[in-house]
Amino acid sequence: MPDRFAEAAFVLVDVQNDFCPGGALAVPGGDEVVAIANALAPRFPLSVATQDWHPAGHASFASSHPGSAVYDSADVGGIRQVLWPDHCVQGTKGAELRADLDLRPYRLVIRKGANPGLDSYSAFFENDRITPTGLRGYLQGLGVKRVYLAGLATDYCVLFSSLDAARLGFDTWVVSDAVRAVGVPAGSEKAAFQVMESAGVRLVSSAELLRS
Ligand code: VGL
Ligand code: ZN
């Protein structure tokens with residue numbers, strides 16, 4: 001097996017208080033990815049993290065759509081999507097990366113979702129799939145050819161990040177035990193793994209990665 005870490009980057013998605021148990025949009029077991037990320041990130045020549053970073057009143061919040069409930073779907077910037085509880089509001093405790101996440105290996109933190117009228121699931125593009133976050137240029141500028149994704153949530157931000165990474169031509173892997181799903185709507189986790197697979201995204205366990 002050639003060196004998995006050569007020309008590779010570790011991309012950790014949205015490991016923030018609001019996506020962990022007790023948070024505003026808690027992902028079951030979300031906190032369990034922290035220890036795995038802490039073990040993996042220092043093994044890579046480059047690690048980056050993303051941070052969901054919404055202004056108050058963001059268009060993805062159910063509270064911004066009178067008459068709508070959390071987990072309803074609605075039109076946000078012309079895109080059909082799920083409406084969320086208020087989460088990851090800029091400057092709040094909920095928006096902070098988890099305190100037990102060892103940030104030392106990370107050279108870049110990309111904040112996304114700051115446009116009040118447009119959501120941004122992917123680490124690479126906002127939900128219009130056109131507006132870039134800058135991560136592509138950063139990674140390609142540093143010669144990255146392969147990305148390993150982990151974090152939250154499998155069925156939203158990890159999914160969209162992995163699809164974009166593959167579409168952009170990165171050799172794209174998801175660390176199977178270092179992701180957790182929102183699970184809304186029912187079946188979304190399984191569906192996410194199927195969509196990843198059909199897009200050429202591959203899975204690897206952290207144990208296998210750490211062995212290489
Ligand atoms: C996410 C829903 C809303 C995620 C972010 O990080 O997967 N999900 N905002
Ligand atoms: Zn969000």
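Which atom of ligand 1 lies 3.0 Å from a polar side-chain atom of Asp52? A nitrogen atom does. Further notes follow.

1. Basis. This is a predicted model, where local features need pLDDT of at least 70, side-chain atom pairs count only at pLDDT 80 or more, and totals for chains, interfaces and linings use all residues. Residues are numbered from 1 along each chain as its sequence is written, chains are lettered from A and ligands numbered from 1 in the order written, and side-chain values use heavy atoms, without hydrogens or water.

2. Zinc site. Asp52 (OD), His54 (NE2) and His87 (NE2) are the protein donors of the zinc ion (ligand 2), at 2.0 to 2.2 Å. Donors are N, O and S atoms within 2.8 Å of the metal (3.2 Å for Na, K and Ca); water is not among the atoms, so sites may look incomplete. The spacing in sequence is D-x1-H-x32-H. His54 sits in the loop between strand 2 (47–52) and strand 3 (73–76), and His87 in the loop between strand 4 (79–82) and strand 5 (106–112), so the pair, 33 residues apart, links distant parts of the chain. Strands here are DSSP runs of E, at least two residues, numbered from the N terminus. Both His54 and His87 are buried, meaning under 20% relative accessible area with a 1.4 Å probe, protein chains only.

3. Zinc geometry. The four donor atoms around the zinc ion (ligand 2) subtend angles of 88 to 169°, so the arrangement is irregular. Four donors would be tetrahedral with all angles between 85 and 135 degrees, or square planar with opposite donors over 155 degrees apart and all others between 65 and 115; anything else is irregular.

4. Ligand 1. Residues around ligand 1 include Asp14, Phe19, Trp84, His87 and Tyr121, each with a heavy atom within 4 Å. Backbone N or O atoms also approach oxygen atoms of ligand 1: from Leu152 at 3.3 Å and from Cys157 at 3.0 Å. The protein covers 100% of the 260 Å² of accessible area that ligand 1 has on its own (Shrake-Rupley method, 1.4 Å probe).

5. Cysteines. The whole structure has zero disulfides, a disulfide being a pair of cysteine sulfur atoms within 2.5 Å. Cys20 has its closest cysteine sulfur in Cys88, 9.6 Å away, so too far for a bond. For Cys88 the closest is in Cys157, at 8.7 Å, again too far. Cys20 is buried, at 0%.

6. Arg146. Arg146 lies in strand 6 (residues 146–152). Its relative accessibility is 18%, so Arg146 counts as buried. The Arg146 side chain reaches the backbone oxygen of Arg4 at 2.6 Å. The side chains of Arg146 and Asp171 share a polar contact of 3.0 Å, that is, a pair of N or O atoms within 3.5 Å, one able to donate a hydrogen and the other to accept it.

Notes. Four donors count as tetrahedral if all angles lie between 85 and 135 degrees; four count as square planar and six as octahedral if opposite donors are over 155 degrees apart and all others between 65 and 115; anything else is irregular. Helices (H or I, at least four residues) and strands (E, at least two) are DSSP runs, numbered from the N terminus. Buried means under 20% relative accessible area, exposed over 50%, partly exposed in between (1.4 Å probe, protein chains only).
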